[in-house]
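Me: Please take a close look at one part for me: the aromatic rings. Then follow the links outward from there, one step at a time. Keep it plain, as I am in my first year.

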Amino acid sequence: LEDRFDTFSYSGDNDPLTGLYNRRQFLQMLDMEFQRAKWESTDFCLAVFRLHNFEAICNDYGHACGDHVLSAFGKLLMKVKRDSDLATRLKEGQFAVLMADIGPNKAQAFLDKFIKTFTHLNFTCKQNKSFSVDVNTGMVHSKGNVNLRSKDLFSLAEKAITQADQMGRNRIVVTRTRERKNFPKTTMVHSNEKQFLFTGAR
């Protein structure tokens, strides 16, 4: 009975195709981790991945092939991420990973290595045609007491991915939120975010 309960709990919290957390469970854990990071003033990174032309892959090679690509991405992400990192499949062709207690440089280096590994995979589906899949990534780094909500992080990540799409393929755009401090009003900086663009090529 206990094993059946564990299986039911796992299936309720995880995406059956990739084994990653489903969107609902991930958003709940994201909110808790974000609040903890704000309370403890620790580093916090949220990265969102978008598979390039995923809809076209499904149309050209079939949805079973698309599922194979999603599964491969999820399994690789599960394999290379830290045990403390939280990963999810948000929707078709889009994933996310939450990395706590890690600075932006180390997080960006991890993302670059992961993307290069995935984009070098070859998939063979319909009529034995081989192809690879490109990925663009938007990452948000936050530290300390910031005047944001967890859903605001996704908005920033989506904007970062849009910038990455405009730059080309296999690009990473990293946005860093600015820590809110109790400075005198005359010396406060009104800009609440600062963006750094990282370009990675295969």
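Reply: Start with one word. Buried means that a residue has under 20% relative accessible area, while exposed means over 50%, and partly exposed lies in between. Keep in mind that this is a predicted model.

Now the rings. The structure holds 11 aromatic pairs. How far apart are the ring centres of Phe-26 and Phe-154, and at what angle do their planes lie? The centres are 6.4 Å apart and the planes stand at 70°, so this pair is edge-to-face. The cut-off behind that name is an angle over 60 degrees. Phe-26 belongs to helix α2, residues 23-40. Phe-154 belongs to helix α6, residues 150-167. The two rings are 128 residues apart in sequence, so their pairing ties together distant parts. Phe-26 and Phe-154 are buried.

Move on to Phe-73 and Phe-95. Their rings pair with 4.4 Å from centre to centre and 35° between the planes, an arrangement that counts as tilted. Here too the pair links distant parts of the chain, with Phe-73 in helix α4 and Phe-95 in strand β3, 22 residues apart. Buried or exposed? Phe-73 has a relative accessible area of 0%, so Phe-73 counts as buried. Phe-95 is at 0% relative accessibility, so Phe-95 is buried as well.

This pair is part of something wider. Phe-73 and Phe-95 belong to one aromatic cluster, together with Phe-49, Tyr-61, Phe-110, Phe-114, Phe-118, Phe-123 and Phe-131. Find those rings in the picture before you read on.

Phe-95 also leads to a loop. Thr-18 has Phe-95 among its contacts, once neighbours within four places in sequence are left aside. The others are Leu-70, Ser-71, Gly-74 and Arg-89. Thr-18 sits in the loop between α1 (2-13) and α2. Its relative accessibility is 7%, so Thr-18 counts as buried. The side chain of Thr-18 has polar partners too. One is the side chain of Asp-15, at 2.7 Å. Another is the backbone nitrogen of Leu-20, which the Thr-18 side chain reaches at 3.2 Å. Across a longer stretch of chain, Thr-18 and Thr-88 are 70 residues apart in sequence, yet their C-alpha atoms are 8.6 Å apart in space.

Next, follow strand β3. Strand β3 covers residues 94-100 and pairs with β1 in the antiparallel sense, over 7 bridges. In this pairing, Val-48 stands opposite Ala-96 of β3. Strand β1 runs over residues 43-51, and 8 of its 9 residues are buried. In a regular strand, side chains alternate between the two faces of the sheet.

Strand β1 has another partner. Strand β6, residues 135-143, pairs with β1 in the antiparallel sense over 9 bridges. Leu-51 has Val-135 in β6 as its bridge partner. Strand β6 in turn pairs with β7, but in the parallel sense, over 5 bridges. There Thr-137 stands opposite Ile-172 of β7. Strand β7 spans residues 172-177 and is mostly covered, with 5 of its 6 residues buried.

Asp-43 deserves a stop. Asp-43 lies in strand β1. At 18% relative accessible area, Asp-43 is under the 20% limit, so Asp-43 counts as buried. Its side chain makes a polar contact of 2.6 Å with the side chain of His-141. Contacts of Asp-43 beyond its sequence neighbours also include Ala-100, Ile-102 and Lys-143.

Last, go back to helix α4, the home of Phe-73. What else does this helix hold? Cys-65 is there, and Cys-65 forms a disulfide with Cys-125, with 1.9 Å between the sulfur atoms. Cys-125 lies in the loop between β4 (123-124) and β5 (130-131), so the bond ties together parts 60 residues apart in sequence. The structure holds 1 disulfide. The angle about its S-S bond is 75°, and the link is right-handed. Its two ends differ in cover: Cys-65 is buried at 4%, whereas Cys-125 is partly exposed at 22%. Cys-58 is in no disulfide, and the nearest cysteine sulfur, that of Cys-65, is 7.9 Å away. Cys-58 is buried, at 8% relative accessibility.

Definitions and conventions. Residues numbered from 1 in each chain as written. Predicted model: local features only at pLDDT ≥ 70, side-chain atom pairs only at ≥ 80, totals over all residues. Heavy atoms only, no water. Buried < 20%, exposed > 50% of the residue type's maximum accessible area, 1.4 Å probe, protein only. Helix = DSSP H or I, 4+ residues; strand = E, 2+ residues; numbered from the N terminus. Pairing = 2+ DSSP bridges. Disulfide = S-S within 2.5 Å. Polar contact = N/O pair within 3.5 Å; in protein donor to acceptor, adjacent residues only side chain to side chain. Contact = heavy atoms within 4.5 Å. Phe/Tyr/Trp six-rings, centres within 6.5 Å; stacked < 30°, edge-to-face > 60°.
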